[in-house]
Amino acid sequence: MTLPTPPFVPALRRTARVERRTAETDIAVEVALDGTGRYDCATGVGFFDHMLDQLARHSLIDMTIRADGDTHIDDHHTVEDTGIALGQALTQALGSKRGIRRYGACLLPMDDTLVRAALDLSGRPFLVWNVEMTAPKIGQFDTELVREFFQALATHGQITLHVERLAGINSHHIAEASFKAVARALREAVEPDPRRADEIPSTKGAL
């Protein structure tokens, strides 16, 4: 899939591009970890695009995402496969993970909602998802797909990820707070650690 030329050309080190084509979806993702949170996301799923924009904006990771999926069936394959491709792009951009902080956490309020996210760029994918939605749909978007996205992102980004809803009654707010909380935690985890600039953040010497 051909991505548009972005209106910005940042001079960054940690970048990646992933293309994923199946019988169900055709997806292209570009990320720049040392960005400013610029985004250009078009998946054909409006609410999901809005959430991806939040993920980029609050992580300060520049993201360009294009997806063409079988949305005439439903949005599941598009959302899940975008999570897979984005996770793979993050893994590639991080490389050896030398010099990163590795861990990140965020306690994020949004009106009625409070979500806590914590993650470890451990190389050991695991998702703990304690986020109960209060409605099955947000517009035409199935709320269960929020978990599916983060499951795919954690698995293919090799991330240990915990997300928990502590309060919330509005499913739009719960979903958006989840994306923002994970974004803020991710921003912290991928940032260079000035005290360990050339070291792998593990006693094992590898992540």
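This section describes a strand pair, the main nonpolar core, helix 4, the salt bridges and one loop residue in a predicted model.

Strand 5, residues 103–110, shows an alternating pattern of side chains. On one face lie G104, C106, L108 and M110, which are buried. The opposite face carries Y103, A105, L107 and P109, and these residues are not buried. Such alternation between the two faces of the sheet is expected of side chains in a regular strand. Strand 5 pairs with strand 6, residues 113–120, in the antiparallel sense, and eight bridges join the two. Within this pairing, A105 of strand 5 stands opposite A118 of strand 6. The hairpin formed by these strands has two residues between them, and D111 adopts a positive phi near 55 degrees.

The largest nonpolar core contains 59 residues. The members that touch the most other members are V31, L119, L121, F149, F150 and L161. Helix 4, residues 171–190, gives the most to this core, contributing eleven residues. In soluble globular proteins, nonpolar side chains tend to be buried together. With residues up to four places away in sequence left out, the contacts of L161 are A118, L119, F126, L127, V128, F150, A154 and V182. Among these contacts, L119 and F150 are also listed with L161 as core members that touch the most others.

Helix 4 is largely enclosed by the rest of the structure, because 16 of its 20 residues are buried. Its length was compared with the value for a rise of 1.5 Å a residue: the 20 residues should span 28 Å, and the end C-alpha atoms are 28 Å apart, so the two agree. At the start of helix 4, N170 places a side-chain oxygen within 2.9 Å of the backbone nitrogen of H172.

The model contains 14 salt bridges. Side chains of opposite charge can pair when their charged atoms come close. In the pair D40 and R66, the closest N and O atoms are 3.0 Å apart. Because D40 lies in strand 3 (residues 39–42) and R66 in strand 4 (residues 62–69), this salt bridge ties together parts that are 26 residues apart in sequence. The two partners fall into separate accessibility classes: R66 is buried, with a relative accessible area of 18%, whereas D40 is partly exposed at 26% relative accessibility.

A salt bridge also links R21 and E19, with 2.9 Å between the closest N and O atoms. R21 counts as exposed because its relative accessibility, 54%, is over 50%. E19, at 36% relative accessibility, is partly exposed. In the salt bridge of E199 with R196, the closest N and O atoms are 3.1 Å apart. Both partners are partly exposed, E199 at 39% relative accessibility and R196 at 46%. Shared partners join the salt bridges of R17, E19, R21, D26 and E30 into one network.

E132 is located in the loop between strand 7 (126–130) and strand 8 (137–138). This residue is exposed, with a relative accessibility of 56%. Apart from residues up to four places away in sequence, E132 touches R165 and I174. The C-alpha atoms of E132 and R147 are 9.8 Å apart in space, and the two residues are separated by 15 residues in sequence.

Notes
Residues numbered from 1 in each chain as written. Predicted model: local features only at pLDDT ≥ 70, side-chain atom pairs only at ≥ 80, totals over all residues. Heavy atoms only, no water. Buried < 20%, exposed > 50% of the residue type's maximum accessible area, 1.4 Å probe, protein only. Helix = DSSP H or I, 4+ residues; strand = E, 2+ residues; numbered from the N terminus. Pairing = 2+ DSSP bridges. Core = buried A, V, L, I, M, F, W, Y, C linked by side-chain atoms within 4.5 Å. Contact = heavy atoms within 4.5 Å. Salt bridge = Lys/Arg side-chain N within 4 Å of Asp/Glu carboxyl O. Expected span 1.5 Å × (residues − 1). Polar contact = N/O pair within 3.5 Å; in protein donor to acceptor, adjacent residues only side chain to side chain.
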